[in-house]
Amino acid sequence: MLAYRHAFHAGNHADVLKHVVLIQVLRYMAQKDKPFTLIDTHAGAGGYSLESRYANKRAEYANGIARLWEADAAALPPALADYVSLVRAFNGGGNLEQYPGSPGFANLLLRPQDRLRLFELHPTDHRILDAFLGARPNTQATMGDGFAAIRSELPPPGSRRAVLLVDPSYEIKSDYAKVVGALREALTRMADCVVMIWYPQLTTVDSVQLPHRLQSAADALARKGWLHARLTVQQPDARGFGLIGSGVFIANPPHVLHAELGALMQPLVDRLGQYDAAHYLLEQRAA
Ligand SMILES: C[S@@+](CC[C@H](N)C(=O)[O-])C[C@H]1O[C@@H](n2cnc3c(N)ncnc32)[C@H](O)[C@@H]1O
């Protein structure tokens, strides 16, 4: 039973961090002529209306993309300005009415020769995704389990260049163990695959331990090290619960990514922080 719908959360602070990083990874991959494959194991609907009853229920985007939308591009670090300009492109240059999901950003950044493999389990979101991108060249939008797909998708045929985005909802506790398994599986099949894993920052043991478990797996298996970026925007609620931030873990990151994120994490804290002690963490282990 899938209760999670990303439409409620589209464009929130966690999407901002995840998509800023994804964009820089895809830009780096597209610098070489050789095609690459992007496998998005938990793709969602591909794009979301910010005017829908879902998005407006808690208006999470108001504390995310909306806080960057009006910023003068010249005042933003280049990678943040790049992110906002792609959201603008998705909106056709008009008002902030729609927000691209990870497949929406991929559609803007992948070249015709690149392969896009999208997996989504929710029938409604899969239908929307397939209508949006199913006819795109070199693209497949499959209604199926993205974790299970890693085995059949890696390594990709042709050029051995691949990015794996693993972005589950963590509505099921077993997702924490599954993302560690996914990282191991991916790196065992392809030690230089760029693997990007998003996770929610909560005060639970699972959430706190996850980055350490990912680091151990990457230490053992990744050919080119790892990078971990976490953005903490608010404090837990009175009961100690709530999404206080989010993190992105990347195995085999582009070598330029640490410097790019180094320039934008504090500006993200300044713009997205919801309490005085908002902060970030940026750490890496080089190959
Ligand atoms: C966090 S959302 C994805 C957001 C998307 N990656 C983006 O950045 O726009 C997680 C999605 O995974 C879907 N999902 C949950 N379990 C899945 C599974 N095992 N395989 C594929 N999709 C799954 C959910 O229905 C939901 O749409």
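**Entry 1: the β4 end of the sheet**

I began with strand β4, residues 115-119, and found 4 bridges joining it to β5. The two strands run parallel. I am working on a predicted model, and I keep that in mind throughout. I then looked up one pair: Phe119 has Thr142 of β5 as its bridge partner.

What links β4 to β5? I traced the path through helix α6, residues 123-133, and the three elements make a right-handed β-α-β unit.

I checked which way the side chains of β5 point. They alternate. Thr139 and Ala141 point to one face and are buried. Gln140 and Thr142 point to the other face and are not buried.

**Entry 2: the whole sheet**

Next I wanted the strand order. I counted 8 strands in an open sheet, ordered β5-β4-β1-β6-β7-β9-β8-β10. The pairing is mixed. Which strands are at the edges? They are β5 (139-142) and β10 (279-285), and each pairs on one side only. From one strand to the next, the twist averages 10°.

I reminded myself that strands of a sheet pair through backbone hydrogen bonds, either parallel or antiparallel.

At the β10 edge I looked at β8, residues 226-232. I found 7 bridges between β8 and β10, and these strands run antiparallel. Leu231 has Tyr280 as its bridge partner in β10.

Then I looked for helices on the sheet. Helix α1, residues 13-29, packs on it and touches β1 (37-40), β6 (162-166), β7 (194-201), β8 and β9 (245-251). The direction of α1 makes about 20° with that of β9. Helix α9, residues 205-221, also packs on the sheet. I see α9 touching β7, β8, β9 and β10. The direction of α9 makes about 165° with that of β7.

**Entry 3: strand β7**

How many residues of β7 are buried? I found 8 of the 8, so β7 is largely enclosed by the rest of the structure.

I checked the neighbours of β7 in turn. With β6, I found 4 bridges and a parallel run. Val166 has Ile197 of β7 as its bridge partner. The path from β6 over α8 to β7 is another β-α-β unit, and it is right-handed. With β9, I found 7 bridges and an antiparallel run. Here Gln201 stands opposite Gly245 in β9.

**Entry 4: Ser246**

I picked one residue of β9, Ser246. Is Ser246 buried or exposed? The relative accessible area is 1%, under the 20% cut-off, so Ser246 is buried.

I listed what touches Ser246, leaving out residues up to four places away in sequence. The contacts include Ala14 and Leu17, Trp198 and Gln201, and Arg230 and Leu231. One polar contact stood out to me: the side chains of Ser246 and Trp198 are joined at 3.5 Å.

**Entry 5: helix α5 and its neighbour**

I moved to helix α5, residues 102-109. It is mostly covered, with 6 of its 8 residues buried. The buried ones are Ser102, Pro103, Gly104, Phe105, Ala106 and Leu109.

I then set α5 beside α6. They pack at an angle of about 10°, with their axes 11 Å apart. An angle under 35 degrees counts as roughly parallel, so α5 is roughly parallel to α6. From α5, the contact is made by Pro103, Gly104 and Asn107. From α6, it is made by Leu129, Phe132 and Leu133.

**Entry 6: Asp114**

Where is Asp114? I found it in the loop between α5 and β4. At 0% relative accessibility, Asp114 counts as buried.

I asked what the side chain of Asp114 meets. A polar atom there lies 2.8 Å from the backbone nitrogen of Arg111. The backbone nitrogen of Phe36 lies 3.0 Å from a polar atom of that side chain. Beyond four places in sequence, Asp114 touches Pro35, Phe36 and Asn138. I also looked up Lys34, which is 80 residues from Asp114 along the chain. Their C-alpha atoms are separated by 8.5 Å.

**Entry 7: helices α7 and α8**

Last, I compared α7 (residues 146-153) with α8 (residues 174-189). Their axes come within 10 Å and cross at roughly 5°. That angle makes α7 roughly parallel to α8. Phe147, Ile150 and Arg151 make the contact from α7. From α8, I noted several residues, among them Asp175, Lys178 and Arg189.

Technical notes
Residues are numbered from 1 along each chain as its sequence is written. This is a predicted model: local features need pLDDT of at least 70, side-chain atom pairs count only at pLDDT 80 or more; totals for chains, interfaces and linings use all residues. Side-chain values use heavy atoms; hydrogens and water are left out. Two strands pair if DSSP finds at least two bridges between them. Axes are lines fitted to C-alpha atoms, for helices over the stretch in contact, and angles run from 0 to 180 degrees between N-to-C directions. Contact means heavy atoms within 4.5 Å. Buried means under 20% relative accessible area, exposed over 50%, partly exposed in between (1.4 Å probe, protein chains only). A crossover is right-handed if, with the strands pointing away from the viewer, the path from the first strand over the helix to the second runs clockwise. A polar contact is a pair of N or O atoms within 3.5 Å; within protein, one must be able to donate a hydrogen and the other to accept it, and residues adjacent in sequence count only if both atoms are side-chain atoms. Angles under 35 degrees count as roughly parallel, over 145 as roughly antiparallel, 65 to 115 as roughly perpendicular and the rest as oblique.
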